[in-house]
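Trainee: Could you walk me through how the parts of this one fit together? I'd like to go interface by interface.

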Number of protein chains: 2
Amino acid sequence: MSVRPKSRRQVLTDFRRSEILDAALKLFGKKGFAETRMDDVAEKAKVAKGTLYLYFSSKEEIYETAVLQAIEEQRERIQQALEGVTGTANRLRVLLQIRMSFWETQPNVYRMLVTLGRERSHRKQTHTLLQATVRELVGIFEDGVKAGEIPARDFEPIGWAVMDMLRGMNERRLYGEADSTPEQDTAILLALVLPAIGLRTQA
Amino acid sequence: MSVRPKSRRQVLTDFRRSEILDAALKLFGKKGFAETRMDDVAEKAKVAKGTLYLYFSSKEEIYETAVLQAIEEQRERIQQALEGVTGTANRLRVLLQIRMSFWETQPNVYRMLVTLGRERSHRKQTHTLLQATVRELVGIFEDGVKAGEIPARDFEPIGWAVMDMLRGMNERRLYGEADSTPEQDTAILLALVLPAIGLRTQA
C-alpha cells in the first residue's frame, strides 16, 4: 500500500479505470469474453473508443487488471485479518475463510479465472497466482514448525492440495452446484489438512 | 460392455466415427476448439463434409463423444483393475492411479475437459461426470465401513475433496507445471485422505 497521497490526476485516472473495468466485467459476464468487443466496452462505460485506449490497450489487459486487482485486494484483507492471530489452525482458518467468502463479492472475476484462466494463453499467469497462495499456505505451515506446533516436512505438495480443494469448493459454490457455506467448506478442508501436517483436528 | 457380436455395418460405423474423432481431436488440440471448423475436420479425416454429418451433427457432439468415450474406457479399466483387490486403501490406490495415468494417453481430451468442460455451456455435463467419480469414491469408502475397516460418516464432502485434488494434480502434470509422477501424487493424496476417513497411513 502506497503511503504518498494520490494526486488529483491519479485519483481521476483510477476512477476512470475502475469505471471501465466495471463495465467490461459486466459485459464479459453477460456476453462472454470472446463475444465482447472493445466498442461494447466503450459504449457501456460511456467513453469514446479513443479514450478507452488511453486506459487499456486490449481486452486481455482488462482481464489481467481485473484479476490482479481482486487478488491484491484479497491478499491485503488476509494480511489484515491475520494480524494478531496465532496458532497454525487459526491462521489457516482465517486465510481459507477469506479466500472463500471474498469471491462471493466478485463472482464475475472468479468465473473469468475459472474459464479464461485455464486457457493456454493464461495458464502461466494463473499458475503464478496460485503459486503465490501456495507460498502463503506453506508460510503458515512453516511458522507452525518454528513455533514447535508441528514437525518439519516438505509442505509444498500439501499447499497445492489445499489450493486444489479451495478452488473446487469455490467453483461449486459460485456455480450453485453445492449448497455448503464457506464456513462448512473451511471446516471440511481443515479436517483433512490438519492431521496431514501433524495437528490434531479440533472438532 | 455388450456381449452381442457387432454387425459388419456397426464395425464400419464405429471405425469411421473413431477416425473422425481422432482427426477432430488433433485439430482442437492444435487450433483450439473455437477456431476449428467442421470443414477442417472433414478435410483432415478425408471424408466429404456430407459424410461427416452422417456421423456427427456438430463440433459439440464430437466434443461430447470424445469425453464420454474416454470416461467410459477409464471406468472399465478401473473396474477390471479392482477385481479381487480388497481393502479400502488398496482399492483407493488402484482407482487414483488409473485416473492419473490414464490421461497421459489422452492429453488432448483431458485439455478439452479442463478448458471447455468449465465453460458455462458444458458445466452441467462436467459436473455430472465428476459426480460419477465421486460416487465411485464414496462406494469404496462405504465398502470399508461394511468391512469394519473404517467408521461410518458422510463421505460425500471427502469424495469431492479427493476429486478436486485429483484434478489439480492431473492438470499440473499434463501441462508440465509439476514434475511429480502419478505414483508420487497418489501417495500424497492417500496420505491426506486415509487419516480423514479414519485409516492409518501406511507410509
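**How the pieces meet**

Mentor: Sure, and note that this is a predicted model, where local features need pLDDT of at least 70, side-chain atom pairs count only at pLDDT 80 or more, and totals for chains, interfaces and linings use all residues. Residues are numbered from 1 along each chain as written, chains are lettered from A in the order written, and side-chain values use heavy atoms, leaving out hydrogens and water.

Trainee: Which helix gives the largest share of the side of domain 1 of chain A that touches domain 2 of chain A?

Mentor: Domain 1 of chain A covers 1–57 and domain 2 covers 59–196, with bounds from an automatic or database domain assignment. In contact (heavy atoms within 4.5 Å) are 16 residues of domain 1 and 13 residues of domain 2 of chain A. On the domain 1 side, helices H1 (8–31) and H2 (38–45) of chain A each supply at least two residues; helices here are DSSP runs of H or I, at least four residues long. The largest share, seven residues, belongs to H1(A).

Trainee: How many salt bridges does the rule find between domain 1 and domain 2 of chain A?

Mentor: About 1,300 Å² is buried between the two domains of chain A, with 71% from carbon and sulfur atoms; buried area is the accessible area (1.4 Å probe) that two parts lose on being put together, summed over both. A salt bridge needs a side-chain nitrogen of Lys or Arg within 4 Å of a carboxyl oxygen of Asp or Glu. Between domain 1 and domain 2 of chain A, the count is zero.

Trainee: And how many salt bridges are there between chain B and chain A?

Mentor: Here about 2,500 Å² is buried between chain B and chain A, 56% of it from carbon and sulfur atoms. One of the bridges pairs Arg123(B) with Glu171(A) at 3.1 Å, N to O. The count between chain B and chain A is eight.

Trainee: Which helix gives the most to the side of chain B that touches chain A?

Mentor: Helices H6 (107–115), H7 (123–146), H8 (156–174) and H9 (182–196) of chain B each supply at least two residues there. With nine residues, the top contributor is H8(B).

Trainee: What kind of axis relates chain B to chain A?

Mentor: Superposing chain B on chain A (least squares on C-alpha atoms of residues with pLDDT of at least 70 in both) takes a rotation of 180° with 0.0 Å of shift along the axis, at RMSD 0.0 Å. So that is the relation of a two-fold axis.
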